[in-house]
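Reader: I'm new to this one, could you walk me through its charged pairs and its cysteines?
Author: Gladly; here it is to look at first.

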Amino acid sequence: MRHAGNQRPAIQALVGDVPHGTRTPDGASRAVPPPGQAPGREKGSGHMGHGAGASASTLAGDAAARPSDREPPGVDGTRFRSVLGRFATGVVAITAFEDGTDRPAGLAANSFTSVSLDPPLVAFCVAHTSTTWPRLRGAARLCVNILSEPQLEVCERLALRGGDKFAGIDWTRTPNGGPLIEGALAWIECSVEQEHVAGDHVIVVARVHDLDHHHDADPLLFYKGTYGTFT
């Protein structure tokens, strides 16, 4: 992967305006569920009881051999981000007009994915701390812009907190009127179908109403805390 400029701070695990100690696209993050605890035995299952002749050492040895009885060690957040950072993703800008205005708003995310062909569904993740998502979620339509390599500055602009994030960003409208960022590889117009709370994020499932190619270029990629593209 060819880097786009100097090393950049890692995108926060999923989407939110405030990263954990780093600057990120508006909370963009990797859509990966937190690791679950090792499953315990169901009630009524497991070892049969020992007879009266079983020795104490045998009982102790059997207990030590049951790893499922022990709590797994906690997962360090820094290590979690470092390991999951080895999964390369694209970057999208999710845009909409603020309710009752012609003023566009948006956030950047790398937690975007397709979900279903029938019906056509996509999904992305948003941190509970995001201050932009509340301004977008009530819109009748969202526009997902798939960003190209030259749009790193757009990604960084959308990571800013407060102010007019679209200042200096060229944009037009989709055929249905959604805010489409110039230079995006493609656009996907959708509406919120479901929201699922998942830890410190919300998984947003959206129904696709229209989509199309827009611009030919290399994609903007995010990998191991840096932006880049194919070489």
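**Salt bridges and cysteines**

Author: Let me begin with Arg 137, which is partly exposed at a relative accessible area of 41%, where partly exposed sits between buried, under 20% relative accessible area, and exposed, over 50%, computed with a 1.4 Å probe on protein chains only. Please keep in mind that this is a predicted model, in which local features need pLDDT of at least 70 and side-chain atom pairs count only at pLDDT 80 or more, while totals for chains, interfaces and linings use all residues. Residues are numbered from 1 along each chain as its sequence is written, and side-chain values use heavy atoms, with hydrogens and water left out.

Reader: ok, and which residue does Arg 137 meet in a salt bridge?
Author: The partner is Glu 195, with 2.5 Å from N to O; a salt bridge here is a side-chain nitrogen of Lys or Arg within 4 Å of a carboxyl oxygen of Asp or Glu. Arg 137 lies in the loop between helix H3 (133–136) and strand E7 (142–146), whereas Glu 195 belongs to strand E10 (residues 186–198), so the pair ties together parts that are 58 residues apart in sequence. Helices (H or I, at least four residues) and strands (E, at least two) are DSSP runs, numbered from the N terminus.

Reader: is Glu 195 buried or partly exposed?
Author: Glu 195 counts as partly exposed, at 31% relative accessibility.

Reader: what does Glu 193 pair with?
Author: Glu 193 forms a salt bridge with Arg 207, and their closest N and O atoms are 3.0 Å apart. Glu 193 lies in strand E10 and Arg 207 in strand E11 (residues 201–213), so this pair ties together parts that are 14 residues apart in sequence.

Reader: how many salt bridges are there in the whole structure?
Author: The search finds four. One of the others joins the side chains of Arg 103 and Glu 98 at 3.2 Å, N to O, and these residues are linked with Arg 135 in a network of salt bridges. Glu 98 is buried, with a relative accessible area of 13%, while Arg 103 is partly exposed at 43%.

Reader: switching topic, how many disulfides does the structure hold?
Author: Zero, taking a disulfide as a pair of cysteine sulfur atoms within 2.5 Å.

Reader: why is there no bond at Cys 143?
Author: The closest cysteine sulfur to that of Cys 143 is in Cys 190, 7.9 Å away, which is too far for a bond. Cys 143 counts as buried, at 1% relative accessibility, and Cys 125 is buried with a relative accessible area of 4%.
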